[in-house]
Structure formats: C-alpha cells, structure tokens
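Here is a short look at how charged side chains pair up in a protein. Please keep the sequence and the 3D view open as you read.

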Amino acid sequence: MYAPYVDGVVREILERDALYHEAGISSATCRCAAQLNVDTVYIGGGTPSLLAPTDLGRMLDALRGSFRCSLQEVTLEADPETITAEKVQAWVASGINRVSMGTQSFNDQELAATGRLHRRADIYSADETLRANGIQNISFDLIAGLPHQTEESWRRTVAELIALSPEHVSIYMLEIDEGSRLGREVLNGGARYSASMIPADDSIAEFYEYACAELAAAGYEHYEISNWSKPGRRSTHNLKYWKREPYFGIGAGAHSFDGDMRWANAHDPAGYSGALKAGKLPVEQKGILSEAQSLDEELFLGLRLMEGINVAALEARYNAAALNSLRARIDALVDRGLVEWRENRLRLAPSRLSVSNEVFVALMS
C-alpha cells in the first residue's frame, strides 16, 4: 500500500545530488550533504508507525548507505493503537531507539471528540509494549485545550502522564486554524467535532502553567516552550531546528536547511512519489535567506529555548543597523515584562511563556 511512497523516499536519499541539481539546489548544498555527519533521524508526519517495519528499515538502510552516519537518536512517531510487540522488535532491529507517542490526552471523551482512534487503555498498553521490547526512550505529547477538557480532567491527565514517567514530554496549547476539521468548524461558528466545548483561552493558559509546575516538581527539565525531559533526555534532533543547525528533510512536505537556503518538498504524497519515479524532486519552495530573515529566525527560534539567546553572539554576526533596531525592540519588551536578561542571555520571562506568540510578533514587527 505504501511501497510506492517508500520507493520515492529511498530514491530521494540515494540520488540526492542529481535530484538537487535538477531542482536548482546549489552545489554547495550537495557538498554540505556529503560532509554532514548524520547523528539523529526523526521519522514523523502522518502516522509512520503504519508503515511496514521492512519499509522503515529500507529507508534507514538507504540513509546509512548515502550519508556518513553515527546514529545516536532515531525517533519514530507512533500512535498508541498502532504499536505491537512484533513491530517494536523490528523497529529496534532496524536501529530505532526512541518513540514519540501521540498521546494527546488520558481522557476518552476528549480523545473521541477529536477523532483519535486510541483510548486511555491503549496508552498504557503501548507504553508497556515499548518498554518490554527494547524502547527505553519514550516521549508523550499532550494538548491543552481539547474539547470537553476541564481543570479536573487536565489534572488527571498530567498526573497519569507523570506516573508513567516517560523520558520526554511535549505539551501544546490548542491552536485554531483552517488546517484541521476542528479548526475550520470553530472558525465557521459550527458545533461539529465538539467545537463549542473548547475551553476558554485563559483556561488553556492555566492548564499549561499547571503542567509546568507539576512537571518541574516531578524532576523534568523545561528546556523549550513546549518540551520537557528527564536529565540527559532532551530531543537532540529537535534542538537542531531551534539552534538553526543544518538538516535535510526527506519525503512529502519535508523541509530542509543548509545554513543559508531553505527548501520544501511538495506536500501531496502521490504527487511526490510520481515526481520521484520520473526522476524529479518536487521542490515546492526554496530561497536563500536575507540577513534580516536570518536574524528574525535567530530570535524566533532561539527564544523558544529556556536558555534564551546569546545576544553578544548575534552582534558578532549581524550588521549594526539591524542590531540597533533589535536593541530598541528588546528594551521595549523588557519594560513590558515579556522578556528578561539573565546574565548575558535574553530569554522569555518565565511567567509569560503561555503568551509567547505575542512576544514573537512584537519582537519581529
């Protein structure tokens, strides 16, 4: 069922130089890919745990055959109801050593309202199956603000997550946009998908702040706005995004960054597979970043990290005019209590993490 898509992914990996050249991606990028030491892989998007383990193995084997690899962290996104002992054993044999599980909630009503196929019991079963078959690095994600979610149900969800003691936790506040059925229903003022049962924005912020306090008390390190980990268990792969390190995205909708240029593949899996079969990489967008765009990214991505930004390092890399404007914007945000200085680093004020988007908009306006 998924073999043609996997064939395209494998071809993109093995024939990247010719494909990049045909797509107008620079030779410098090709050299960057050849010199890159690949130490992390993240297999996500959709539900990759539905793929046959042999197909996942094919993709990882292609990476090992095409890049210099010293794989330390290989993550697979998996929905709880798709996890079986046989699959986990095959995942481990192929080199996968970390699973990011789409948990979202421990409340069956909330899960059903958003169309999730798993239930609370499946989370417990999946966690047990993973650990019994060789995966000892597990990440759970939760969403604050699901339909029917209450203060009581959120507290129970957070407590159950902590009791299972995953190595890593991601918590996202519900965002309403046209990219989901629920989002479209809310924007249209409808009631399907329990759209009318979404908690108020203030409640969602309080849920997030409650989780921050509970996870800290349980010994988790809050290292990025939406991410916590036990000591030594941060997502090494995702840290590359926030630190603007080079990475290569492979597959439909995948984004890449070589340090200067960003590009993205077409989103449609069928179109992607067809293009690769014809020997073309379906790049949907690409561009070299200007200095102003790069500085904006440094701010937006760097401030997501709890350690904040080393502003002195930015001053050594960017021109004075851009930095003078930046200093004025920073001073205004400090006066409003949205950001703060800690030693020589600028970071979001801990009490304002739940309104971080407001800070980003103000800083880059």
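What follows is a brief tour of some salt bridges in this predicted model.

The count of salt bridges comes to 22. Three of them are set out below.

| Pair | N to O distance | Separation in sequence |
|---|---|---|
| Lysine 280 and glutamate 22 | 3.2 Å | 258 residues |
| Glutamate 297 and arginine 244 | 2.9 Å | 53 residues |
| Arginine 317 and glutamate 298 | 3.0 Å | 19 residues |

Let's start with lysine 280 and glutamate 22, whose side chains meet in a salt bridge. This pair links distant parts of the chain: lysine 280 sits in the loop between α12 and β10, and glutamate 22 in helix α2. Lysine 280 is partly exposed, because its relative accessibility of 44% falls between the 20% and 50% cut-offs. Glutamate 22, at 39%, is also classed as partly exposed.

Next comes the bridge between glutamate 297 and arginine 244. Glutamate 297 belongs to helix α13 and arginine 244 to the loop between α11 and β8, so the pair ties these parts together. Glutamate 297 is buried at 16% relative accessibility, and arginine 244 is buried at 13%.

Arginine 317 and glutamate 298 form the last bridge in the table. Here helix α14, which holds arginine 317, is linked to helix α13, which holds glutamate 298. Arginine 317 is partly exposed, with a relative accessible area of 47%, whereas glutamate 298 counts as buried at 14%.

Which residues are linked in a network of salt bridges? They are Arg244, Arg262, Glu297, Glu298 and Arg317.

Methods
Residues numbered from 1 in each chain as written. Predicted model: local features only at pLDDT ≥ 70, side-chain atom pairs only at ≥ 80, totals over all residues. Heavy atoms only, no water. Salt bridge = Lys/Arg side-chain N within 4 Å of Asp/Glu carboxyl O. Helix = DSSP H or I, 4+ residues; strand = E, 2+ residues; numbered from the N terminus. Buried < 20%, exposed > 50% of the residue type's maximum accessible area, 1.4 Å probe, protein only.
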